[in-house]
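This report looks at charged side chains and their partners. The sequence and the structure come first.

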Amino acid sequence: MTSFGSVNPDTDDAPWWRRAVVYQVYIRSFADGDGDGTGDLAGLRNRLPYLRSLGVDALWLNPWYPSPLRDGGYDVSDYFDIDRRYGDLPEAEAFLREAHDLGIRVIIDLVPNHTSSEHAWFRSAVASGPGSPERDRYHFRAGSGDGSLPPTDWPSVFGGPAWTRLNDDPADGEWYLHLFDPSQPDLNWGLPEVRSEFEEILRFWLDRGVDGFRVDVAHGLVKHPEWCNLENRPHHVGAAVVPDHPFWDRDELHEIYRSWRTILDQYGDRMMVAEASVHASRRPLYVRPDEFHQSFDFDLLESGWAAKEFATIIDRSVAGAAAVGSNPTWVLSNHDVVRHATRYGLPSGTNLATWSLVGPHALLDEARGHRRARAAALVALALPGSVYVYQGDELGLAEVWDLPTDVLDDPVWTRSGHTEKGRDGCRVPIPWSATGPSFGFGSGEPWLPQPVDFGDYSVESQEQDPDSTLDLYRRAIRLRADHLRADEELALIDLDLGADVLAFDRGSGVRCVANMGSAPVALPAGEVLLASDDVGEQLPGDTAVWLIPQR
Ligand code: BGC
């Protein structure tokens, strides 16, 4: 083990994405520059200095393309433009230049599994009729039985069947596939034209200076050639390996990503990160040297607050990425899940999909959730690899689980037959100021209502408070950049402090210790660099520290 502050010279000149702190901007909810209640590029450009002061290396922007917003922009109607509610192409280019001038890279979202049903291709597919080349760009099929039943038993991720029938006309009663909402028809990746279209989309944005792509549903593009039924196979492939699953994680996917990698390699240090919700043992396949640069690892995000579970995940993820020359990634929250400040305040085993609707809401211990979220941030930011921070995590924002149902926008609410509220609770517009209309988000009525106490979490309220979560993130990101970023070594250690303590050493000499139980333990000897809450002789429960151990 080298002494504190040194870096591993072999990894010192590693590409930027290997150890970046990437801040996820859900553009619709980040900052509204024109007062229409929806976030936009003008708002984001105004807030670039804030992101710079936070110290992040890169931004990942959720989809910014023209879209009917049936699924928050994951229903793209034109891949070569910017939605007018957000801005336009010249403004996107200005934003890219400004971000780059501040030393911040930009990753954009690419949505290749499906288009919007309002995309020109789908409109012409509907107009052109069965057997046409236009229909061949999607998956149109005759129904089963007398044609009135879906072609297969596949369910949509959002609930209900994954097939919708165009109409009951016997001459054209075809069904089309949508693994998500009916407004998101799946593309036919067996067709060379679809492949060449996406290669052009990649080049279009690379030419405009984006630094990378976050590839949506990267495990879903290719479907079973024989359209077999799911039968009793699991719908998802995250918890187990499911050989020959009809629509997830098929081996034929990798050839597509190899061709994309060839394109990215022509542009220098650009990257792509896969959103591939697959079993941990399958993830390394996506990050082989000629495929994705990295893949999201959702295992921490899905884990309960338990030291043993965290240690197992960390060990497996570091080893899995290293085996193929990639780097691990760490994600605690994103725009699809209940924010971790709330998750960690709920008993493990709570059904997070339904809890916000059915409760019991008294189960939530908000204060505990906040403490744990702060400790979790120190764990994630102490790990090697890249860390994805979802907007508002740095403010300690919790899930707005009590949104009234009449404001819900997520298709999950209707597709689940009103049994799940969906993902809007983590997408509520960011509070920038302590008071005022929409707490500084913008001058108009925000597209989702903010809770009355949101101002207490605002950037303004936390800016000057040394005990704030914002300050903790700033200090952690700065320390990480100075002492941890260029270091890829990690060793899990047992400090003999009990089963609730997670501890690991980094090659640079920094030790991270997290007490994930509720009873205090002795604080290991050493110089404390940063703590998620007050520590004295003891390390209280739900608290993490970074320290230089006494040798
Ligand atoms: C995105 C979701 C989206 C879905 C369909 C996901 O992986 O993160 O927000 O609803 O893909 O595009």
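The text below treats salt bridges first and then the surroundings of one arginine.

**Salt bridges**

The model is predicted. The count of salt bridges in it comes to 42. Three pairs are listed here, with the distance between N and O atoms.

| Acidic residue | Basic residue | N to O distance |
|---|---|---|
| Asp81 | Arg84 | 3.2 Å |
| Asp269 | Arg105 | 3.1 Å |
| Asp299 | Arg283 | 3.1 Å |

In the salt bridge between Arg105 and Asp269, the closest N and O atoms are 3.1 Å apart. This pair links distant parts of the chain, with the two positions 164 residues apart in numbering. Arg105 belongs to strand β3 (residues 105–110), while Asp269 sits in the loop between α6 (253–265) and β8 (271–274). Arg105 is partly exposed, at a relative accessible area of 25%. Asp269 is partly exposed as well, at 39%.

The salt bridge between the side chains of Asp299 and Arg283 also joins distant parts of the chain, here 16 residues apart. Both partners lie in helices: Asp299 in α8 (residues 299–302) and Arg283 in α7 (residues 283–286). Asp299 has a relative accessibility of 14% and counts as buried. Arg283 is likewise buried, at 9%.

Which burial class does each partner of the Asp81 and Arg84 salt bridge fall into, buried or exposed? Asp81 is buried, because its relative accessible area of 17% is under the 20% limit. Arg84 counts as exposed because its relative accessibility is 55%, and the limit for that class is over 50%.

Salt bridges also form a network, which links Asp71, Asp336, Asp410, Arg423 and Arg427.

**Arg165 and its surroundings**

Arg165 is located in strand β5 (residues 163–165). With a relative accessible area of 23%, Arg165 is partly exposed, since this class lies between the limits of 20% and 50%.

Leaving aside residues up to four places away in sequence, Arg165 touches Gly147, Ser148, Gly173, Glu174 and Trp175. What does the side chain of Arg165 reach at Gly173? The side chain of Arg165 reaches the backbone oxygen of Gly173 at 2.7 Å. The backbone oxygen of Gly147 is reached by the side chain of Arg165 at 3.4 Å.

Arg165 and Arg374 are separated by 209 residues in sequence. In space, their C-alpha atoms are 48 Å apart.

Definitions and conventions. Residues are numbered from 1 along each chain as its sequence is written. This is a predicted model: local features need pLDDT of at least 70, side-chain atom pairs count only at pLDDT 80 or more; totals for chains, interfaces and linings use all residues. Side-chain values use heavy atoms; hydrogens and water are left out. A salt bridge is a side-chain nitrogen of Lys or Arg within 4 Å of a carboxyl oxygen of Asp or Glu. Buried means under 20% relative accessible area, exposed over 50%, partly exposed in between (1.4 Å probe, protein chains only). Helices (H or I, at least four residues) and strands (E, at least two) are DSSP runs, numbered from the N terminus. Contact means heavy atoms within 4.5 Å. A polar contact is a pair of N or O atoms within 3.5 Å; within protein, one must be able to donate a hydrogen and the other to accept it, and residues adjacent in sequence count only if both atoms are side-chain atoms.
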